[in-house]
Amino acid sequence: MENQTRIFCALDTSDLEQAKNWAAQIGPVTGALKLGLEFAGSFGPQGIEAVQNAAPDAALFIDLKFHDIPNTVAGAVHTICTNFAPSYLNVHAAGGQAMMEAAKAACETASPQTKLLAVTILTSLSEEELYKIGYREGLPDRVIQMALLAETCGLDGVVCSSHEISLIRQSCADSFETMVPGIRPLGSAKGDQNRIMTPKEAVQIGATHLVIGRPITAAPDPAKAAQEIIDSLNAL
Ligand code: C5P
């Protein structure tokens, strides 16, 4: 049976032509793309639209990680959903229950098919750094607490590190999604990612979606690299 895991290819570039070329080549293979803060800051709504036009059939994850007061986040979510109806959008769980509930309500009003994810703890934060910003609990407890709160608020899943997938699978409903970056196929460069896992390992322990950037975009033939990852998952 074909593996259903979606690979969202991260189009991290400050070159719009490059992003459109990647979208046109990779979009039809993975069926899913991710745009983040650097892209949105560089090219704004027109840039997002250009990528959607270059890969009209690809699902889009707009990864802007909103974190502000409920009214402001609800307004931002409403605007993005109205303009782009992305497949996925995200907010920080640390914004709290009222913020996540307002974000979810705005999302449902403007684009019912858009799924809203929560960022729990940024994977770049070590235990030591968490302590410095006043978090006293261990990292796993904090991640689970935030994932459960996001689930209570009606969010559809979390963005999490591969090392948190099992914990979330044990604690949250089966339908609660896990969008996992920090993925490296065997043999590809680690880059600045520290805690990595192969696509196969991540899916085997329960990742529902993977975010993969440079192993695809920096390959000599990005479409081929994407297809090879998909084939490795279909062989599971
Ligand atoms: O190139 P690479 O596969 O490392 O890209 C991973 C993508 O996932 C980047 O767009 C990065 O910003 C994003 N991401 C991440 N770690 C997180 C959240 C998002 O690497 N915790």
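This passage looks at the nonpolar cores, helix α10 and residue K104. The model is a predicted one, in which local features need pLDDT of at least 70 and side-chain atom pairs count only at pLDDT 80 or more, while totals for chains, interfaces and linings use all residues. Residues are numbered from 1 along each chain as its sequence is written, and side-chain values use heavy atoms, with hydrogens and water left out.

The largest nonpolar core (buried Ala, Val, Leu, Ile, Met, Phe, Trp, Tyr and Cys residues joined through side-chain atoms within 4.5 Å) takes in 64 residues. Buried here is under 20% relative accessible area, with a 1.4 Å probe and protein chains only. L33, V77, V91, M100, I168 and L210 have the most contacts inside this core. Setting aside residues up to four places away in sequence, V77 touches F66, L89, V91, A103, A106 and C107, a contact being heavy atoms within 4.5 Å. Another core, of eleven residues, lies apart from the largest one and includes F8, A59, L117 and V211.

Now for helix α10 (residues 222–234), with helices taken as DSSP runs of H or I, at least four residues, and strands as E runs of at least two, numbered from the N terminus. Its 13 residues should span 18 Å at 1.5 Å a residue, and the end C-alpha atoms are indeed 18 Å apart; the expected span is 1.5 Å times one less than the number of residues. P222, A225, A226, I229, I230 and L233 are buried in α10. These residues sit on the same side of α10, because they cover an arc of only 135° around the axis, taken from the directions from the helix axis to the C-beta atoms. Their cover includes β1 (6–10), α1 (16–30), α8 (199–204), β8 (209–212) and α9 (214–217).

K104 belongs to helix α4 (residues 97–110) and is buried, at a relative accessible area of 10%. Beyond its neighbours within four places in sequence, K104 contacts L116, C153, G154, L155 and D156.

Terms used
Buried means under 20% relative accessible area, exposed over 50%, partly exposed in between (1.4 Å probe, protein chains only).
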